[in-house]
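Here's a quick tour of how some helices pack in this one, with an aromatic pair along the way. Have a look at the model first.

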Amino acid sequence: MKTWLLKLQKATYNTSFMYNLRMIIAFSGTAFVPYLMGNQLMTIPLTLGVLAAGLSDIDDRFSVRIQNLLYTYIGFFITATSVTLLFPYPILFAIGLIVSCIGWILLGSLGRRYATISYGCLVISVYTMLGVHLFDQWYMQPMLLVIGAAWYGLISTISFLLFPVRQVQDKLSQCYSALGDFLFSKSNLFDVDMTSDSYQQSMISLSLENGRLITIFNEMRTALLTRLKGDRGQRDTRRSLQYYFVAQDIHERADSAHIDYQKIAKLFEHSDILFRFQRVLTLQGKACKDLSDSILHRTAYRHNTRFEHAFKNLRHSLDKLKQEEKYDLMWINAFFSLYQNLKSIDAQLRNLETERHITTDQSKHIEHQLKDDDLKGWDDIFIRIKQNLTPESVLFRHAIRVSIVLFIGYVFIQMTNIEYGYWVLLTALFVSQPNFNATKRRLRLRIIGTLAGIILGYAILYFVPSIEGQLLLMVLTGVLFFDLRSKQYAQATAFVTTLALINFNLDGSGFDAGLPRMVDTIIGCALAWFGVSFIFPDWKFRRLPRTIQRSLEAQCNYLAEVVNQYHHGRNNALNYRIVRRAAHNTDADVASLISTLATEPDFDPSQKGLAFKFLALNHTFISYIAALGAHRAQIQDQEVLNLLDQALDDIRGALLRDETPDLSVQNMLQNIRTRLNQSELDNSKSLIILQQLSLMFSILDQLRTLKQNLSHARDEQSTELASL
């Protein structure tokens, strides 16, 4: 009995298993309850309601979750009722389609929860069009759609009550897994066989890994913030918050760059020092992966015993290097700073499981260490919506684009009277994304998935003629759709297409719907491609100069906060975390934008090399700042403090105002370096500052030039496009 209880407990730790179990219960209810009642037609809207609710599900604390569900059901009912009542009047319906589409998408400017609910309402509007002929009474389909959504909401709420911190722990596990990938990527920079091309590729890969990590950090922050508002004293939430802060600090230290990796690869190619640094970083990446697994499976993390031996040998190699006295003291000091950084990461990983001592009193103010982005009142609502009522807003452009695409699709359906034509609108809605690259990728996957789903659906309808068998397979395909929708879009599309065929076979039209479904999918994909290519096209190259400028401004703000703490002392207060997060967020934006530029048809290929060079240098620069931040502490040397202030002014002038840096900082650097080298005092902190400033100024002019070239090229390209 005990063994079975342990197995059951372990099964509940498997998030994927528990999620699939939830979906099995949800789809089983919508499939078999109407069957037992003798009214199989009800299965169609009930199942569509579950699908829409599943797509609109959002993690939040209990009180807000209940609010979200109520808002969702009200939105679903109003949307479905409006579609049903306006459906016989094409002109009014077309006007309502455009207005509601723009309104629902712009509602997403109020925050993540509103964006999710509004998307569900858009989905439910097209689902209603598909089944508008099923019932004579106008209220039947809207009511059944809401009942299906409420049934899913009930199951998801029960799951939440049973496992209230499951989502937070899963997201925390993802944080440490992504942190492990980042450390693995960082270790590649210590390759002694590095060439100029391989270095740039390694920096690009590191920047992209950093972008993925920052995205997960932001999702984790949102999940924590809503929990802290609801229950500030809960032990698991406070523990997760501590783990999150530790992950952020590890990231800052891991992202730090104390040296020019290309130079040290040449200088120390026959030494074991780089191999040992690479070995420690790899071990720490593996440790983060192990910690991720421990969080996921609720087991105790055990720190690898090999770390002690690895650090001992690394320190021995460093001491030996120092005794040789044939290398510049700045290089040796940089290596020792890196060593201390890695030791700090090791200490945080080693002590993480034992330092769970955040008290309840601390938890009362700990929420203030996370910036709250929720709405603050009606004024905030008006400001956010107003900010997006401009063609400069990506959300506004997407709203106009999708509404026009759906309008064109509706007019096409009315003119051609195409069979099952509203699948055209459904496809266009699902495929249309805010940018060209994401839409293009979904076009291909949607068509492939639909074709596979039709073949699978026909096979099921032919070989499994019984209603009971088809209902069982409908439940299975629904579960597989939700399990794969964020991992394998083509496979998820195949299963939801199969579900649709089985669903509509309940009113005898399953075999007839297959070919129209394929035709409608192709037409819908063509409309989505047309929209993203010609209606307010959101070519990313047009946003490149603005994104670059935002990133450089955020990095300067980050550097300013670090310099301030060298004046007044180290602290991890909210303001420091905000500017650090902003710098990494904008760096991730640059990485995401540049990585997709090559897929856009109007992007000048000659600029691709410059863009990726900027990407590598931009992340290198923030890594130099992160190293300063990792070692920040109050210093008393006024000459070094003056140097920091002057360097900050020069960096701002070069990156933000395109000014050419003068030689005053370089002269100050050399004079202070000479003084410190001649001093017998411990000046390690000041030497770190000098080293990092030297590294920043070594790439500052190149970074400024690349920024100017990319901005100039964009202006020329935009002028050429405007003249066509």
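## H5 against H17

H5 and H17 run roughly antiparallel to each other, because their angle is over 145 degrees, the cut-off for that label (under 35 is roughly parallel, 65 to 115 roughly perpendicular, and the rest oblique). The numbers: helix H5 (residues 90–106) and helix H17 (residues 394–416) pack at about 155 degrees, with their axes 8 Å apart. Axes here are lines fitted to C-alpha atoms, for helices over the stretch in contact, and angles run from 0 to 180 degrees between N-to-C directions. Helices themselves are DSSP runs (H or I, at least four residues; strands are E, at least two), numbered from the N terminus.

H5 passes H17 in a right-handed crossing, meaning that the near helix is turned clockwise from the far one by less than a right angle (anticlockwise would be left-handed). Among the residues in contact (heavy atoms within 4.5 Å) are Phe-93, Leu-97 and Ile-105 of H5 and Phe-396, Leu-406 and Tyr-410 of H17. By class, the contact splits into 17 nonpolar, 3 polar and no charged residues. Nonpolar covers Ala, Val, Leu, Ile, Met, Phe, Trp, Tyr, Cys and Pro; Asp, Glu, Lys and Arg are charged, and the others, Gly among them, are polar.

## Where the model comes from

This is a predicted model: local features need pLDDT of at least 70 and side-chain atom pairs count only at pLDDT 80 or more, while totals for chains, interfaces and linings use all residues. Residues are numbered from 1 along each chain as its sequence is written, and side-chain values use heavy atoms, with hydrogens and water left out.

## H2 against H7

Helix H2 (residues 15–37) packs on helix H7 (residues 140–162) at about 150 degrees, axes 10 Å apart, so H2 and H7 are roughly antiparallel too. Their crossing is right-handed. H2 brings residues including Tyr-19, Arg-22 and Gly-29, and H7 brings Trp-151 and Ser-159, among others. The tally for the H2 and H7 contact is 7 nonpolar, 4 polar and 1 charged.

## H18, H22 and a ring pair

H18 and helix H22 (residues 510–534) pack at about 45 degrees, with axes 7 Å apart, so H18 and H22 are oblique to each other. H18 passes H22 in a right-handed crossing. Trp-423 and Val-431 are among the H18 residues that meet H22, where Arg-517 and Asp-520 are included. That contact counts 10 nonpolar, 3 polar and 2 charged residues.

The structure holds 25 aromatic pairs, that is, rings of Phe, Tyr and Trp (its six-membered ring) with centres within 6.5 Å. In one of them, Trp-423 and Phe-504 have ring centres 5.7 Å apart and planes at 85 degrees, so the pair is edge-to-face (over 60 degrees; under 30 is stacked, the rest tilted). Trp-423 sits in helix H18 (residues 422–431) and Phe-504 in helix H21 (residues 489–504), so the pair ties together parts 81 residues apart in sequence.
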